[in-house]
Amino acid sequence: MAAPLTRLVRKSLAVTLAGLMAVPVSMPLPVAAQSRGPMIIRDQEIENLLRDYANPILGVAGVRKSGFQIVLVQDRGFNAFVADGRRMFINTGALMDAKTPNEIIGVIAHETGHIAGGHLQRLREQMATAQILAMAGMLLGAGAAIGTARSPQVGNSGVGAMGIGLGAQDMAMRSLLSYQRGEEQAADRSALKYLDATQQSPKGLLETFQRFNQEAMFKTTGVDPYLVSHPFPQERISNLETTAKKSPYWDKKDPPALQARHDLMRAKLFGFTARADEVGRRYPLSDNSAPARYARAIAAYRNKQLGPALAGIDSLTREQPNNPYFWELKGQVLLEFGRANEAVTALRRSVSLAPNSGMIKGMLGQALVATGTPANVDAAIGELSNAAMREPESSDIWRHLATAYSRKGQEGQAHLAAAQAYFFEGDYSAAATQANRAKQLLPPNSPGWLKAEDILNYRPPRSAQRNN
Ligand SMILES: [Zn+2]
């Protein structure tokens, strides 16, 4: 897997989700969260697009935009959920399934309905109740099992004891689901209101939910996390349909520019995450559209075919010279193939077109370091420091900054940057070692020295320690 789509931010999410995972029923978590931990991906192009989808909805819903984050979960299954009122999680699978922006905007409107309706607070309380019920059930089960073990004359009570435990869990689950149905309908109503207020069609929302409802009927194995968290009784679908069809914007299409960006986003996701044969099937050579060339160029890059990858990207930059993400991809490809000087040129172009992107600045800084040219070190430190300010939790950026400082001979700053890299990876003991060295080298009470002190004084929460 190529690097930039898999920049991990495991730590902060693992901490947030730990509380939710204690609940006995399958809550709206990405499937991955239940086994190996969710894989969060970062990508400026996709994040900016989703932000453009969400902003008008957040505006009419009265949800504060600053500090609100849309987080991408790398999972092919369809899912979207809100965890804490400030973050909305969307699976890459949902984006890959959605043919129009309107479908995703509809889902975002529904999730925003949960946030604006204060459902999260109630959800938390409800989950606490469910958890208590389930725990009571398990204790009861365990107690009964011990009791029966002591009386040999009761032959098969073990089964009965198990039954008690499951019964209580079932009760907890039912109470949670009955609460959910009410909240789901409320979120649907809010979604329709927001779509109306932003003059957008409710068609995408309805069609997405109908598709789910239908798939659920044919599904015989496995439980879809979106279906568990979003029950779709027929009544809910019909209510939604009746109101949605009255919308004056029912037939309104997404603006063509937005659709074009959406198509590029999907192509990028298929290019980076789908198997080569699927990319070939979805984007055959006969398709000369920009998204098809984008997907094929990315797939070629993943297959280490530099020539076809660059040829594809160059055709795109010729056509859309002001698209920062084509230049970003070009820089990424060149950097990975060891052509750092050319990567710098492409990434400088990208940064000039997307000056607020910490991620792209970070890659430019990395490319500047990779040139090995002493004259580039100051520029690298400048780009990487700026990138770290914009993306303070990116351990990659801190690591490249450490290298740049080391090349410059500023060992104190290099150890401090390395300390931050380890810190944001959740390796607190390695972070402390680096912070100690930084403290010995930096002037006492200077900003860097104080930062090192902060890292040394940090006491990680238990859940974070366990996850590392
Ligand atoms: Zn919902």
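Begin with the whole chain in cartoon view, where 23 helices and four strands can be picked out; keep in mind throughout that this is a predicted model. If you colour the chain by accessibility, 52% of its 468 residues count as buried. Among contacts between residues at least 6 apart in sequence, 65% join residues at least 24 apart.

**First stop: the nonpolar cores**

Next, select Leu50, Tyr53, Leu95, Ile104 and Tyr294, which are the residues with the most contacts inside the largest nonpolar core, a set of 109 residues. Add helix 13, residues 290-302, to the selection, since the largest share of this core, nine residues, comes from that helix. Then centre the view on Ile104 and display what surrounds this residue: leaving aside residues up to four places away in sequence, Ile104 touches Leu50, Tyr53, Ala94, Leu95, Ala98 and His262. Apart from the largest core lies another one, of five residues, and selecting Ile40, Val73, Phe81 and Phe89 will show you residues that are among them.

**Second stop: helix 15 against helix 16**

Now move to helix 15, residues 324-336, and show it together with helix 16, residues 340-353. The axes of these two helices come within 8 Å and cross at roughly 160°; an angle over 145 degrees counts as roughly antiparallel, and helix 15 and helix 16 are therefore described in that way. The crossing of helix 15 with helix 16 is left-handed. To see the contact itself, display the side chains of Pro324, Trp327, Glu328, Lys330, Gly331, Leu334 and Leu335 on helix 15, which meet Ala340, Glu342, Ala343, Ala346, Leu347, Arg349, Ser350 and Leu353 on helix 16. Coloured by class, this contact comprises nine nonpolar, two polar and four charged residues.

**Third stop: helix 15 against helix 17**

Keep helix 15 on screen, hide helix 16, and bring up helix 17, residues 358-370, whose axis comes within 11 Å of that of helix 15 and crosses it at roughly 30°. Because angles under 35 degrees count as roughly parallel, helix 15 and helix 17 are roughly parallel to each other, and their crossing is left-handed. The residues to select on helix 15 are Tyr325, Glu328, Gly331, Gln332 and Leu335, and those on helix 17 are Ile360, Met363, Gln366, Ala367 and Ala370. By class, the residues of this contact divide into six nonpolar, three polar and one charged.

Conventions: Residues are numbered from 1 along each chain as its sequence is written. This is a predicted model: local features need pLDDT of at least 70, side-chain atom pairs count only at pLDDT 80 or more; totals for chains, interfaces and linings use all residues. Side-chain values use heavy atoms; hydrogens and water are left out. Axes are lines fitted to C-alpha atoms, for helices over the stretch in contact, and angles run from 0 to 180 degrees between N-to-C directions. Angles under 35 degrees count as roughly parallel, over 145 as roughly antiparallel, 65 to 115 as roughly perpendicular and the rest as oblique. A crossing is left-handed if the near helix is turned anticlockwise from the far one by less than a right angle, and right-handed if clockwise. Contact means heavy atoms within 4.5 Å. Ala, Val, Leu, Ile, Met, Phe, Trp, Tyr, Cys and Pro count as nonpolar, Asp, Glu, Lys and Arg as charged, and the others, Gly among them, as polar. A nonpolar core is a set of buried Ala, Val, Leu, Ile, Met, Phe, Trp, Tyr and Cys residues joined through side-chain atoms within 4.5 Å. Buried means under 20% relative accessible area, exposed over 50%, partly exposed in between (1.4 Å probe, protein chains only).
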